[in-house]
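Me: Please take a close look at a single part of this model, the cavity and what surrounds it, and explain it in one connected account.

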Amino acid sequence: MITSVRHLGPNWYATVMGTAIVATAGASLPRPVPGLRPFCAAVWALSLALLATLLAAHSLHRRHHRDQVRAHLHDPATAPFYGCPAMALVAVGSGALAVGRDWIGTPAALALDAALFTVGTLAALTVAVAVPYLMAVRHRVRRDEATPVWLLPLVAPLVPAASGPALVPHLPAGPPRAALLVVCCALFALSLPAVFALLPVVLGRLVSGGPLPLALTPTLFLVLGPLGQSTTAVGQFADVTPGVVSEPHARVAALAAVGYGVPVMSLALLWLCLAAVRAARARGQGMGFAMTWWAFTFPVGTCVTGAAALARHTGLAGFATAAAGLYVVLVGVWVLVAVRTVLALVRGGLLAAPRPAPVARRRATARTTSGAVR
């Protein structure tokens, strides 16, 4: 067991994120579907089990393979993935309150969500500062090496920003509720400008630098994350502001949910189409399974919750239909990626030592020294 976790990187927490979002996105759909809620609760339980397993495995990893921990931090291809553990913690906590309470009860779900939200938020703030610092000071990266993976540590605070408002109604009325709402707004204000500052660098590389290596093509979907998650966040703010702030401020929040959400979600749907076309082409060119395929899940799930938030605040059936359609896509992709991951684990490829990068023309598609891209 100790040897098998030597090459376990932070990118593995994407499996938790991608599983948890299936549960929370299903719970957010504006139209009830028979049997959906028990399915979401079961998927959430699976995400909780995955999180517990990975936390135990990484505890062994940190204890027995400290050289690999340092290698991950000093590898510019792996360090951005440290945003995944923080987001995974918050995503599982959010799912506990959304659907997990059906199985464990509201008090236990609330306690679990509060604990994971607190730890995940602190972790998100840490990686949002530490990883960009490492990339700027320690790593040697060039502008033409930019990929959407660089967004992960900066997006991390957006996840608690969008999940925290669900805890607001469970706090005592008055200052406690207002304080948590302010914290969530601050996380939103901290993350989004940083993401939008980095996006031109990433998009510029995609336009001028040619297509990404095949193994990294699924990371194009990561651009959807900040778009869908920020739309979800402003919708959540509008949901909980009545009774927490004055009525004029609550109306402003409701207007912002629509005024911000509609153009951003439109951009997200456009990018989703572009990324899907590129992924289909890469598949035709021989793109094999890699852990980067989990990028197909969580970002699409944020688009589901974003469209669902717009459906609540606009009352338009089109957004409800979009949320339902995207959720069907999400579940289908999640099943595919989960099955491929299990098969790859059984065959022993995912946790094996990384192979040396070939010196051929397509060396960029090889795994990094830390095994982040497989």
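Reply: Buried here means under 20% relative accessible area, exposed over 50%, and partly exposed in between, with a 1.4 Å probe and protein chains only. The model is predicted, so local features need pLDDT of at least 70 and side-chain atom pairs count only at pLDDT 80 or more, while totals for chains, interfaces and linings use all residues. Residues are numbered from 1 along each chain as its sequence is written, and side-chain values use heavy atoms, with hydrogens and water left out.

The structure holds one cavity of 30 Å³ or more, a cavity being a set of points, on a 1 Å grid over the protein atoms alone, where a 1.4 Å probe fits but cannot get out, with lining residues having an atom within 4 Å of a point. Its volume is about 260 Å³, taken as the space filled by probe spheres set on the points, which are joined across faces, edges and corners. Of the 23 residues that line this cavity, Met17, Cys84, Leu152, Leu222 and Ala295 lie nearest its centre.

Helices, which are DSSP runs (H or I, at least four residues) numbered from the N terminus, contribute to this lining: H1 (14–28), H4 (83–104), H6 (152–155), H9 (224–240) and H11 (298–314) each supply at least two residues, and H1 gives the largest share, three residues.

In H9, 16 of the 17 residues are buried. Thr219, found in the loop between H8 (175–208) and H9, is also buried, with a relative accessible area of 2%. Leaving aside neighbours within four places in sequence, Thr219 is in contact (heavy atoms within 4.5 Å) with Pro148, Val149, Leu212, Thr292 and Ala295.

Terms used:
On a 1 Å grid over the protein atoms alone, a cavity is a set of points where a 1.4 Å probe fits but cannot get out, and a pocket is an open set with protein on both sides within 12 Å along at least five of seven lines; lining residues have an atom within 4 Å of a point.
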